[in-house]
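Here is a friendly walk through a two-chain model, with a few stops along the way. Have the viewer open and follow along.

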Amino acid sequence: MKPIEIDNVQHILNQYTNKKVYVHLETTNGAYANHINKAAYNVGVYMRNAQVTFEQAKIVGDGSVYRAGLKMEMGWIYAEGLTDWTMHEDTKLLLAGHDREGRLMVSLQISETPFNY
Amino acid sequence: MEKRVVVIYPHPDDESFGAAGTILKFREEGVPVTYLCGTLGEMGRNMGNPPFANRETLPEIRKAELLNACHILDMDLKMLGYRDKTLEFEDIREVALHLKQILDELKPTLVITHYPDYAVHPDHNALGAAAIEAVQLMDTANRPEVWAQAISNNYMDVLGKPDIVNDITNYFEKKMEAIFSHDSQAAGVLGQFKHVDKLESDVQDDIKKRFSKEHFYRWKYTD
């Protein structure tokens, strides 16, 4: 993945509007957070291949860390802490946030076809 | 009876971190070892450092790393096809029957797995429980011995001293080679041993100390 280029990502986000798309949404601090540090909590969530339609999509940020919001007819999809992006298999938009050690902390992925696995 | 070992862990790299020395020792003695790997670690958060994997490329990358590690450890591999982080939500009885079917075929004399409730990661606990149930479902005459590995910070306080303590110092280099074949994961996991106030050589000593022994408890079946 490479650092987010906001104009490119915004352009691609727009192409998914008003279509049935598959979304992967995730945040995690790992299964060992509390094992390594007693004061830490294990927190994580992921949703894979949820089929949704959003009418508006926007990515906002300060040049290094970004937030994305997808506006649906009834509700929102939101991700914060996004740092990197890539197109997977040319058609799937992957956005992710990594920590200093390169570990994934958050991801938002959109595709017109389902994600594998 | 001819000795045969089956290792049952959920993630590519569990075998290298947890039991590489033990596996290498068995292989040196000519004992066949098969790894039943539950998932491809699809949901791992380590993507390499600097990251070279992403959520979608990670499974294939980890599969290749797993094949490489099994080559280094000279053991057979069977991938079970479950999904990372979901094992505890499967029907454990079904997973146990799935494992039993494979164990009936391979006829191991020893099964190595995680100690349920003391193995930190929910996948470890769930697959360990399924493996122990799978062996329980076998006729008592055909049951292999089960070595269960605990990982939690408190396990020795609760479970007492492990029954099997393998000093694997002689296999340490090769174990590290197996660990580092999991390129996407090794740096992240070993990075836990790094602290700002420690010299690099101390970190190496910590890693050597931590990974030179492999502990297991012999599972006691009551029926």
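## An exposed lysine in chain B

Lys208(B) is exposed, because only a count of 12 or fewer qualifies and 12 other C-beta atoms lie within 10 Å of this residue. Please keep in mind that this is a predicted model. Lys208(B) sits in helix 8 of chain B, which covers residues 200–211. If you would like a distance to check in your viewer, take the C-alpha atoms of Lys208(B) and Leu159(B): they are 24 Å apart, with the two positions 49 residues apart along the chain.

## Where the chains meet

How many residues does each chain bring to the contact? Chain B supplies 21 residues and chain A supplies 23. On the side of chain B that touches chain A, seven residues are nonpolar, nine are polar and five are charged.

## The sheet of chain B

Chain B has an open sheet of seven strands, in the order 3-2-1-4-5-7-6, with mixed pairing. At its edges are strand 3 (76–79) and strand 6 (164–167), each of which pairs on one side only. On average, neighbouring strands in this sheet are turned by 25° against each other, ignoring direction.

Strand 3 of chain B pairs with strand 2 (residues 33–37) of chain B in the parallel sense, over four bridges. One position to look at here is Leu36(B), whose bridge partner in strand 3 of chain B is Lys78(B).

## Two helix pairs in chain B

Let us start with helix 2 (residues 58–72) and helix 6 (residues 172–181) of chain B, whose axes come within 8 Å and cross at roughly 165°. This angle makes helix 2 of chain B roughly antiparallel to helix 6 of chain B, since angles over 145 degrees fall in that class. The crossing of helix 2 and helix 6 of chain B is right-handed. Helix 2 of chain B contributes Glu65(B), Asn68(B), Ala69(B) and Ile72(B) to the contact, while helix 6 of chain B contributes Lys174(B), Glu177(B), Ala178(B) and Ser181(B). By character, the residues of this contact between helix 2 and helix 6 of chain B are three nonpolar, two polar and three charged.

The second pair is helix 3 (residues 92–106) and helix 4 (residues 122–136) of chain B, which pack at an angle of about 55° with their axes 8 Å apart. Helix 3 and helix 4 of chain B are therefore oblique to each other, and their crossing is right-handed. Among the residues making the contact are Val95(B), Leu99(B) and Lys100(B) of helix 3 of chain B, and Ala130(B), Glu133(B) and Ala134(B) of helix 4 of chain B. The contact of helix 3 with helix 4 of chain B divides into 11 nonpolar residues, no polar ones and two charged ones.

## The sheet of chain A

In chain A, six strands form an open sheet in the order 1-7-8-9-2-3, and the pairing is antiparallel. Which strands stand at the edges? They are strand 1 (2–3) and strand 3 (44–52) of chain A; each has a single partner strand, so one side of each has no neighbour in the sheet.

Several pairings can be traced residue by residue. Strand 8 (residues 92–98) and strand 9 (residues 104–111) of chain A pair over six bridges in the antiparallel sense, and Leu95(A) has Leu108(A) of strand 9 of chain A as its bridge partner. Strand 2 (residues 21–28) of chain A runs antiparallel to strand 3 of chain A, joined by seven bridges; here Leu25(A) is partnered by Met47(A). Strand 2 of chain A is also joined to strand 9 of chain A by six antiparallel bridges, with Ser107(A) of strand 9 of chain A as the bridge partner of Glu26(A).

## Backbone details to check

Most residues other than glycine have a negative phi, and most peptide bonds are trans. With that in mind, here are some local features to inspect.

Asn49(B) and Pro50(B) are joined by a cis peptide bond, with omega about 0°. Pro50(B) lies in the loop between strand 2 and helix 2 of chain B.

Asn18(A) has a positive phi, near 60°, and belongs to the loop between helix 1 (6–15) and strand 2 of chain A. Is Asn18(A) buried or exposed? Asn18(A) is exposed, with 10 other C-beta atoms within 10 Å. Lys107(B) also has a positive phi, near 45°, and is found in the loop between helix 3 and strand 4 (110–114) of chain B. Lys107(B) counts as partly exposed, with 13 C-beta neighbours inside 10 Å.

Technical notes. Residues numbered from 1 in each chain as written. Chains lettered and ligands numbered in written order. Predicted model: local features only at pLDDT ≥ 70, side-chain atom pairs only at ≥ 80, totals over all residues. Buried ≥ 20, exposed ≤ 12 C-beta atoms within 10 Å, placed from the backbone. Contact = placed C-beta atoms within 7 Å. Nonpolar A, V, L, I, M, F, W, Y, C, P; charged D, E, K, R; others polar. Axes fitted to C-alpha atoms, helices over the stretch in contact; angles between N-to-C directions. Parallel < 35°, antiparallel > 145°, perpendicular 65-115°, else oblique. Left-handed = near helix turned anticlockwise from the far one by under 90°. Pairing = 2+ DSSP bridges.
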